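User: Could you take a close look at one part of this model for me, the barrel and whatever packs around it? I'd like one connected walk-through rather than a list.

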Amino acid sequence: MERNGGVTRIELPQAGRESTDRAPDSVAGIAASALPSVVTLHVSGDAEQGTGTGFVLDEQGHILTNHHVVDPAGASGDISITFSGGETAKATLVGKDSGYDLAVVKVTGVGGLKPLPLGNSDNVRVGDPVVAIGAPFDLQNTVTSGIISAKERPITAGGEKGDGSDISYVDALQTDAPINPGNSGGPLVDGKARVIGINSAIRAADTGAGADGAQAGSIGLGFAIPINQGKRVAEELINTGKATHPVIGVSLDMKFAGDGARVGDKGQDDSPAVTPGGPADKAGVEPGDVITEVDGRRVHSGEELIVKIRAHRPGDKLELTLRRGGDERTVTLVLGSADSS
């Protein structure tokens, strides 16, 4: 009897069943609130396929994601949506813009859609807790948490095509919430489960900054498009199919190695570097001027200037500080508008 355990059964102590409710502002509470609004996208085209994330914008079926998530579908590929509960639906492209790395798709015939509330990225402060939701490496409904590590990070991503047509410029929110390939297009939410950013790029130890399509893991440097910019672009894509880009009307010398953004001597095909009658021309900007600040914020390169401009809307008034020869001056201009191609 002793060899067989005697006359008693051994039972190990264990906690009893408890309530599964969590505080709304806890990570678990935020996840429970936001997950029903987050979807996984499976995209396939003639030569490419990929996986990404998106989230529901309205009850009409509009879903916001990244341009580089839907781009593999091309003009005739398939976009399939999987909801957090496992339901699937086909989606059609409403509009996309590579410069902002944003796209809107739409599902039809799906009921019970739960839009994810939009926050205000201007209210975000460094150190604020955040939660990222997505499908890293196609692992759907993955939740990670962290903080806002920095704001207004000038990030460029893409460039794989070599002609600049797929480069996106983002004045990004930086977070240490782990983001990996497949998180692209997913929401970065605040403590009230409101979207404050669209997860779009990571810094990987071996590849540098870029769209998270690269198969590298998180090192705690993730970047999200601020939702204030995402909201404007999404509205334009839904209403017109295209997004407008704010412009100042100059051609930049992207080979300039000094500090600041230098206006070129000539534009493409020997066109004027400063567009006649454009915002910069009206403000008195001249070829060869070096722009060093935008609204008091330092600019160290041409890419940074584009990022800072793209963070605004057409019609916004900007103050540029520029260097001409040994003199520094400040000019004010109103941003013009250019449609995306």
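Analyst: Let's settle one term before starting: a residue is called buried when its relative accessible area is under 20%, and exposed when that area is over 50%. Threonine 244 shows how that works: its relative accessibility is 16%, so it counts as buried. Keep in mind throughout that this is a predicted model.

Now the barrel itself. 6 strands close up in the order E1-E2-E3-E6-E5-E4, with antiparallel pairing. On average, neighbouring strands in this sheet are turned by 40 degrees against each other, ignoring direction.

Let's go round part of the barrel, starting where E1 meets E4. E1 (38-44) pairs with E4 (residues 78-83) in the antiparallel sense, over 6 bridges. Two facing pairs help to place that seam: valine 43 stands opposite isoleucine 79 in E4, and serine 44 has aspartate 78 of E4 as its bridge partner. E4 is mostly covered, with 5 of its 6 residues buried.

From E4 we step to E5 (88-97). E4 and E5 run antiparallel and are joined by 4 bridges. Isoleucine 79 turns up again here, standing opposite alanine 91 in E5. The two strands make a hairpin with 4 residues between them, and glycine 86 in the turn has a positive phi of about 105 degrees.

The next step takes us from E5 to E6 (102-107). This antiparallel pair is joined by 6 bridges, and alanine 91 stands opposite valine 107 in E6. So you can follow a line across the sheet by eye: valine 43 faces isoleucine 79, isoleucine 79 faces alanine 91, and alanine 91 faces valine 107. E5 and E6 also form a hairpin, again with 4 residues between the strands. The positive phi in this turn belongs to aspartate 101, at about 55 degrees.

What packs around these strands? Start with helix H3 (residues 227-240), which lies across E2 (49-56), E3 (62-65), E5 and E6, and runs at about 55 degrees to E6. H3 also matters for the nonpolar interior. The largest nonpolar core has 29 residues, and Phe55, Leu64, Leu102 and Ile198 have the most contacts inside it. At least two residues of this core come from each of H1, E6, E7, E9 (168-175), E11 (195-204), E13 (222-226) and H3. H3 gives the largest share, 4 residues. As a rule, nonpolar side chains tend to be buried together in soluble globular proteins.

Leucine 64 is a good place to zoom in. Beyond its neighbours within four places in sequence, leucine 64 is in contact with Thr53, Gly54, Phe55, Leu57, Leu102, Ala103, Val104, Gly185, Ile198, Gly230 and Ala234. There is also a second, separate core of 20 residues, which includes Val263, Val274, Ala280 and Leu322.

On to helix H1 (residues 27-34), where Gly29, Ile30, Ala31 and Ala34 are buried. Their cover includes the barrel strand E1, along with E7 (129-134), E8 (142-157) and E10 (187-189).

Helix H5 (residues 302-310) is largely enclosed by the rest of the structure, because 8 of its 9 residues are buried. The buried set is Gly302, Glu304, Leu305, Ile306, Val307, Lys308, Ile309 and Arg310. Charged residues are in that list, so lysine 308 deserves a look: at 6% relative accessibility, lysine 308 counts as buried. Leaving out residues up to four places away in sequence, lysine 308 touches Glu152, Asp171, Val294, Arg297, Arg298 and Val299.

Arginine 310 brings us back towards the barrel strands' hairpin region. The charged end of arginine 310 sits over the ring of tyrosine 100, 5.7 Å from its centre. As for ring against ring, the structure holds 0 aromatic pairs.

Tyrosine 100 also links back to the residue we began with. Threonine 244, found in strand E14 (residues 244-247), touches Tyr100, Arg232, Glu236, Pro314, Ser337, Ala338 and Asp339, not counting residues up to four places away in sequence.

How values were computed
Residues numbered from 1 in each chain as written. Predicted model: local features only at pLDDT ≥ 70, side-chain atom pairs only at ≥ 80, totals over all residues. Heavy atoms only, no water. Phe/Tyr/Trp six-rings, centres within 6.5 Å; stacked < 30°, edge-to-face > 60°. Lys NZ or Arg CZ within 6 Å of the ring centre and 35° of its normal. Buried < 20%, exposed > 50% of the residue type's maximum accessible area, 1.4 Å probe, protein only. Contact = heavy atoms within 4.5 Å. Pairing = 2+ DSSP bridges. Axes fitted to C-alpha atoms, helices over the stretch in contact; angles between N-to-C directions. Core = buried A, V, L, I, M, F, W, Y, C linked by side-chain atoms within 4.5 Å.
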